[in-house]
Amino acid sequence: MSSQALFASLAALAAVSRGPHTPSALFGATSDCARQIIGHRLCTVMRFHPEEMALERLFTSVGAEYPVGGRKSKRGVPWGELVLIRGEQYVGRDAEALRWAFDDHATLAGMGLGAVINTPVLYNGRCLGTFNILDAEGSFSDDDIAAARIIAQFLVPALS
């Protein structure tokens, strides 16, 4: 992607973020930006409920398999400690990494998904939720992982 196209994608996302918008409009713009800059087949935005150690799906690019409103408990799960408590990205580059992280790995594999970037959306040192993109195995580069960190931070107002 050219630097001009990169800046155009981020500028479009920033325009939605700074203008009047609904959270769903910001979620959609974030997914669009990530698709243009990184590429993905599935994008979700999840709100973190720390008292329950659970995630609630607020946005999905694939509603049939992963509808809005779905919840996932992450209590006692190593992925939850890593992403939700420590605030670190989880990058799974292959099917084995998805098996380690997700109970629904078979559904993901059936959709042709074999790589994930789970980025915690952090504000003031605490996790508000996660920005998640998935694609085929081997899809994500180190630059994609860095870009996901930047794009995810645009979600702070919608998750606060």
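Two strands are taken to pair if DSSP finds at least two bridges between them, and strands (E, at least two residues) and helices (H or I, at least four) are DSSP runs numbered from the N terminus. The structure described here is a predicted model, in which local features need pLDDT of at least 70 and side-chain atom pairs count only at pLDDT 80 or more, while totals for chains, interfaces and linings use all residues. Residues are numbered from 1 along each chain as its sequence is written, and side-chain values use heavy atoms, with hydrogens and water left out.

A helpful place to begin is the sheet. Its six strands follow the order S3-S2-S1-S6-S5-S4, with antiparallel pairing, and the sheet is open. Strand S3 (71-73) and strand S4 (90-92) stand at the edges; each has a single partner strand, so one side of each is left without a neighbour in the sheet. From one strand to the next, the twist averages 25°, where axes are lines fitted to C-alpha atoms (for helices, over the stretch in contact) and angles run from 0 to 180 degrees between N-to-C directions. At one edge, S3 is joined to the antiparallel strand S2 (residues 54-60) by three bridges. One of the bridge partners in S3 is serine 73, which is matched with alanine 54.

Two helices can be placed against these strands. Helix H3 (residues 78-85) lies across strand S1 (42-49), S2, S4, strand S5 (115-123) and strand S6 (126-135), and runs at about 115° to S6. Helix H6 (residues 142-152) also packs on the sheet, where it touches S4, S5 and S6, and its direction makes about 35° with that of S5. Contact here means heavy atoms within 4.5 Å.

Within strand S1 sits threonine 44, which is buried at 7% relative accessibility; buried means under 20% relative accessible area, exposed over 50%, and partly exposed in between (1.4 Å probe, protein chains only). Leaving aside residues up to four places away in sequence, threonine 44 touches Arg57, Phe59, Thr60, Thr130, Phe131 and Asn132.

What of the cysteines? A search of the whole structure finds zero disulfides, a disulfide being a pair of cysteine sulfur atoms within 2.5 Å. The closest cysteine sulfur to that of cysteine 43 belongs to cysteine 33 and is 10 Å away, too far for a bond. Cysteine 43 is buried, at 0% relative accessibility. For cysteine 127, the nearest cysteine sulfur is that of cysteine 43, 15 Å away; cysteine 127 is likewise buried, at 6%.
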